[in-house]
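Please open the structure in the viewer and follow the stops below in order. Each stop indicates what to select and what will be found there.

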Amino acid sequence: MFDSGLGGLTVFREVKAARPDARLRYVADDAFFPYGAHGEAELVGRVVQLMGALIDQYRPALVVIACNTASTLVLPHLREHYEVPFVGTVPAIKPACAASHTKRVSVLGTEGTVSREYTRALIRDFGNGANVTLVGSAKLAAIAEAELRGDAASDVSISEEIVPCFVDEDGRRTDTIVLACTHFPLLLSRLERLAPWPVTFIDPAPAIARRVVELLGAPSASEAPPAQIVFTSRTPPSDRLAAALARFGIGAQSE
């Protein structure tokens, strides 16, 4: 499981539930977080090289790229360079537009994800006649990351990031919001509470877990040891973060 930070824990949680027997390792590229602060060529070079080192060290049967930015930008390069199967994370625009009753959908992601041509192509191909609003948040991923580490954000700071998602025009309100960053479901309870009106938030993690099971097969009766986490910065987690990781079923940092 690979992400720029801790957002991929939302995907990890679903994969662990679907395959409790799997030996899982979570890699957080926190030395390069946030990915949105880097250019595309720089990110491709970084992730492709780092992934090669990780594959050589851990010999995984499958790699989940639990990051929208890395998936939409780097996944084709990873598949070109390495034979191990990759499962990516892309904005769940198709199911959101199909499920929307008002046909007014918002995509809430990082600034990089919502500006990328990959995302716009998904809207063209799978918009299903819906009006889709793209909302790029510069702060929400860092807010989610900080909350896991024990630094709670104010309601106002979160509300400011999500308000543009809620569109009320021509008698139709937004009724579905795609969470196009794996960090955002970490804040789901607060997003639901702070929403100006009720909407359906679409988290891609369950679909990713189903794809992992398709590729690896059904779980066995055996139980895997606790998952381990690797931080590329090599910074040990604080006590608060270690406690949060333990709630996800992740043990001490591995080398």
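Select Cys97 to begin: in this predicted model, this residue is buried, with a relative accessible area of 0%. Next, display the sulfur of Cys165, which holds the cysteine sulfur closest to that of Cys97; the two lie 14 Å apart, too far for a bond. A disulfide is a covalent bond between the sulfur atoms of two cysteines. Move on to Cys181, which is likewise buried, with a relative accessible area of 7%. The nearest cysteine sulfur to Cys181 belongs to Cys67, at 7.0 Å, and Cys181 is in no disulfide. Because a disulfide requires sulfur atoms within 2.5 Å, this separation of 7.0 Å does not qualify. The structure as a whole holds zero disulfides.

Now select strand S9, residues 176-180. How many of the five residues of S9 are buried? Five of the five are, so the strand is largely enclosed by the rest of the structure. In a regular strand the side chains alternate between the two faces of the sheet. On one side of S9, select Thr176, Val178 and Ala180; on the other, select Ile177 and Leu179. Both faces are covered, as these residues are all buried.

Add strand S5, residues 104-110, which runs parallel to S9 and is joined to it by five bridges. Within this pairing, Gly109 stands opposite Ala180.

Then add strand S10, residues 200-202, which pairs with S9 in the parallel sense over three bridges. Here Val178 has Ile202 as its bridge partner. Finally, trace the chain from S9 through helix H9, residues 188-194, to S10: this β-α-β crossover is right-handed.

Methods. Residues numbered from 1 in each chain as written. Predicted model: local features only at pLDDT ≥ 70, side-chain atom pairs only at ≥ 80, totals over all residues. Heavy atoms only, no water. Buried < 20%, exposed > 50% of the residue type's maximum accessible area, 1.4 Å probe, protein only. Helix = DSSP H or I, 4+ residues; strand = E, 2+ residues; numbered from the N terminus. Pairing = 2+ DSSP bridges. Right-handed = clockwise from strand over helix to strand, strands pointing away.
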